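User: Please take me through the strand pairing, the salt bridges, the surface and the cavities of the structure below.

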Amino acid sequence: LKTSIQASVPVNFGLRPFALGVIETAPLTGNADVALDTSSFSRLLLSPDHRLTGKTEGALRLSGSYAQPAVTGELRISGGSYQFLPAGASLPNIHATFPGSNTTLTLSDFQAEDAKGNKLTGNGSASLARIGEFTYMAEFKAGKLMLINHPNAQAVISGEISLRGNHQQGNVTGRLASQSLHISLPDKFAYSVPELNIVSAVPGIRIEKRPKSGSGIYPVTLNVTWQADNKVFVRGRGVDAELRGALSIRGTANEPRIEGKLSTIRGRYEEFGKRFTLKQGELLFEGDMPPSPYLNVIGSVSESGVEIRPVLAGPILAPELRIESSPAVPQEEALSMLLFGKDSSKIGPVQAVQLVNSMAKLTGKGGGFDPLGQARKFLGVDDLIVGGSGGEASETSVGVGKYIADKVYLEV
């Protein structure tokens with residue numbers, strides 16, 4: 001791709017006394033024939049966490065004066081994509097046209113599509129006050145858009161976003177509504193991962209350090225809200241819960257801060273082959289991602305006069321499992337009462353092996369295939385419940401649940 005730029009700028013120049021300056025009222029001429037990779041200039045404006053790619057083509061003509069410049073022509077972006085790597089957010093299939101007329105460059109025909117063809121549309125404009133000084137505004141709207149499509153999270157949103165600013169800084173405001181959010185808790189590694197001596201980088205894997213504020217990146221402040229009334233599903237590691245709540249997105253595009261809480265509407269927690277009453281289920285967002293958000297799931301069951309509470313808590317990518325009890329007893333004793341209804345001094349050899357294996361799970365080993373999750377996806381339902389009284393196989397029950405409208409949930 002090749003870009004050609006030519007410009008003629010009238011200046012005043014003198015030696016005695018020395019003087020060099022632009023004649024602001026003299027005629028200004030220039031032209032640019034553009035054909036370049038969008039990522040080549042986006043790197044100058046965005047931090048490594050943000051990636052903008054595509055092809056930018058077109059031609060612009062500059063006239064007027066330094067104090068009152070005028071632009072004619074058109075630029076086009078095609079085959080573009082945007083990614084915000086820490087959150088797994090992506091906007092593929094970006095196309096936009098920027099026609100220029102007099103002092104205004106207009107954003108028209110902006111469109112981005114997700115994998116299912118749902119669209120984000122937008123329009124806006126930028127005005128030149130003088131060379132190097134400008135203001136701009138843009139409005140974007142989505143009726144239904146898969147903004148996050150990550151192995152551990154898929155998010156569909158709707159809402160409106162506004163972007164306003166000038167040559168010094170920008171500001172993003174907006175209100176987003178969650179249509180659905182599915183979060184899968186990753187299984188922990190059974191063994192520690194050794195540190196590798198990296199000799200080359202695989203394309204698409206982020207290894208750059210994020211620049212700090214004031215490092216030359218164009219500053220964009222954020223003021224966005226995200227609301228979910230339902231359909232936030234958290235599954236994995238024994239958790240199967242639906243949550244709701246609200247988040248605020250503040251800070252800057254370079255260093256965003258996401259804060260808020262999502263709490264349980266309904267759910268289940270199963271661990272060590274037992275089903276617990278879900279006392280508490282939360283996702284807490286407290287700033288940088290990662291390590292935020294933080295998971296806090298507490299189950300409860302009573303055995304032999306002791307309340308036993310499995311707690312799964314910590315950063316969502318690496319939550320830790322522990323056992324609490326009231327009155328307090330050692331984890332091994334609480335686990336023995338949970339599994340066998342008696343303390344560890346009264347169990348047999350086979351039960352002792354089972355207890356050792358269950359204790360190993362508390363150190364982070366475990367997890368595996370999720371047959372219910374696979375069946376839920378195959379059936380196209382939001383929930384799949386298998387239960388029973390612990391007796392004969394004929395007493396086993398199966399239930400399914402699905403949203404048939406935004407706020408209507410049917411379970412049979």
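User: Which residue of β14 stands opposite G236?

Analyst: This is a predicted model, in which local features need pLDDT of at least 70 and side-chain atom pairs count only at pLDDT 80 or more, while totals for chains, interfaces and linings use all residues. Residues are numbered from 1 along each chain as its sequence is written, and side-chain values use heavy atoms, with hydrogens and water left out. Strands are DSSP runs of E with at least two residues, numbered from the N terminus, and two strands pair if DSSP finds at least two bridges between them. β13 (residues 220-236) and β14 (residues 239-251) pair in the antiparallel sense over 10 bridges, and the residue opposite G236 is V239.

User: What is the phi of R237 in the turn between β13 and β14?

Analyst: β13 and β14 form a hairpin with 2 residues between them. R237 lies in that turn, and its phi is positive, at about 55°.

User: Which residue is the bridge partner of I249 in β15?

Analyst: β14 also pairs with β15 (residues 256-271), in the antiparallel sense and over 13 bridges. A hairpin of 4 residues joins β14 to β15. Within β15, the partner of I249 is I258.

User: How far apart are the closest N and O atoms of E259 and R257?

Analyst: A salt bridge is a side-chain nitrogen of Lys or Arg within 4 Å of a carboxyl oxygen of Asp or Glu. Buried means under 20% relative accessible area, exposed over 50% and partly exposed in between (1.4 Å probe, protein chains only). E259 is therefore partly exposed at 37%, and R257 is likewise partly exposed at 35%. These two residues form a salt bridge, with the closest N and O atoms separated by 3.1 Å.

User: Is E113, which forms a salt bridge with K119, buried, partly exposed or exposed?

Analyst: The closest N and O atoms of E113 and K119 are 3.4 Å apart. K119 has a relative accessible area of 37% and is partly exposed. Because its relative accessibility is 23%, E113 counts as partly exposed.

User: Which residues belong to the salt-bridge network that includes R322 and E324?

Analyst: The structure holds 16 salt bridges. In one of them, the side chains of R322 and E324 meet at 3.1 Å, N to O. Salt bridges that share partners join these two into one network, whose members are K279, E307, R309, R322 and E324.

User: What is the area of the nonpolar surface patch that includes V11?

Analyst: Patch residues have over 30% relative accessible area and no salt bridge; nonpolar side chains (Val, Leu, Ile, Met, Phe, Trp, Tyr) are joined within 5 Å, and like charges within 9 Å. Accessible areas come from the Shrake-Rupley method with a 1.4 Å probe, and for residues only the protein chains shown count as cover. V11, in strand β2, is partly exposed at 44%. With V9, F13, L15, F18, L20 and V22, V11 makes a patch of about 730 Å².

User: Which strand gives the most residues to the lining of the second largest cavity?

Analyst: A cavity is a set of points on a 1 Å grid over the protein atoms alone where a 1.4 Å probe fits but cannot get out, and lining residues have an atom within 4 Å of a point. The search finds 2 cavities of 30 Å³ or more, and the second largest holds about 40 Å³ of space, a volume being the space filled by probe spheres set on the points. Its lining includes V234, V239 and T264, while β14, β16 (274-287) and β17 (294-303) each supply at least two residues. The strand that gives the most, with 4 residues, is β16.

Notes:
1 Å grid on protein atoms, 1.4 Å probe; cavity = no way out; pocket = protein on both sides within 12 Å on 5 of 7 lines; lining within 4 Å.
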